[in-house]
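Open the model in your viewer and show it as a cartoon with side chains available. The stops below are meant to be selected one after another.

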Amino acid sequence: MAQQAFEDVVEDFEFLDDWEDRYRMVIEMGKAMEPLPDALKVPATRVEGCASQVWLHPRIEDGTFHFEGDSDALIVRGLIAVLHRLYDGLPVAEVPAVDAKAEMGRLGLTEALSAQRSNGLRAMIERIRTEAANAA
């Protein structure tokens, strides 16, 4: 059920033998993202439950879910980039049905993240699911 962009990440991760290489790839994905405009870094877009500053700005266009995001932490920016590949472009009604925990598990990310980062990732996923459910 994952987007092709996410499947491409899964394929890339299969070629990486250790977590350090995967960590670097996630960071590079975050660096390649367009920054969220400062005007969108407001309390309404801030994700609570993250150790670092995180903002997600969802939008629905023609029944399709899109979002932009940003963080002040490089690894978290990378996690946002991974989530973007998982969710962006899905029909809004399909977003809540994505098993993000299982999909992220395919990347081996869940075992390698600290407890704080894992909590933040769950908070980001929950925000995405809630926003999509409210829009559907």
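The tour goes through a helix pair, a strand pair and a single glutamate in this predicted model.

**Stop 1: two helices.** Select residues 4–14, helix α1, together with residues 74–87, helix α3. At what angle do these helices pack? The angle is about 130°, and the axes lie 6 Å apart. Because angles over 145 degrees would count as roughly antiparallel and 65 to 115 as roughly perpendicular, α1 is oblique to α3.

Now show the side chains at the contact. From α1, pick A5, F6 and V9; from α3, pick V82, R85 and L86. Colour them by class: the contact of α1 with α3 has 5 nonpolar residues and 1 charged residue, with no polar ones.

**Stop 2: the hairpin.** Move on to strand β1, residues 54–61, and strand β2, residues 64–71. The two strands run antiparallel and are joined by 8 bridges. For one pairing, select R59 and look across to β2, where its bridge partner is H66.

Next, go to the turn. The hairpin of β1 and β2 has 2 residues between the strands. One to click on is D62, which has a positive phi of about 50°.

Before leaving, switch on the surface over β2. Is this strand mostly covered or mostly open? It is mostly covered, with 6 of the 8 residues of β2 buried.

**Stop 3: a glutamate in a helix.** Finish at helix α4, residues 100–106, and select E103. Its relative accessible area is 11%, and since buried means under 20%, E103 counts as buried. Add R106 to the selection: a polar contact of 2.6 Å joins its side chain to that of E103.

Note on methods. Residues numbered from 1 in each chain as written. Predicted model: local features only at pLDDT ≥ 70, side-chain atom pairs only at ≥ 80, totals over all residues. Heavy atoms only, no water. Helix = DSSP H or I, 4+ residues; strand = E, 2+ residues; numbered from the N terminus. Buried < 20%, exposed > 50% of the residue type's maximum accessible area, 1.4 Å probe, protein only. Polar contact = N/O pair within 3.5 Å; in protein donor to acceptor, adjacent residues only side chain to side chain. Axes fitted to C-alpha atoms, helices over the stretch in contact; angles between N-to-C directions. Parallel < 35°, antiparallel > 145°, perpendicular 65-115°, else oblique. Contact = heavy atoms within 4.5 Å. Nonpolar A, V, L, I, M, F, W, Y, C, P; charged D, E, K, R; others polar. Pairing = 2+ DSSP bridges.
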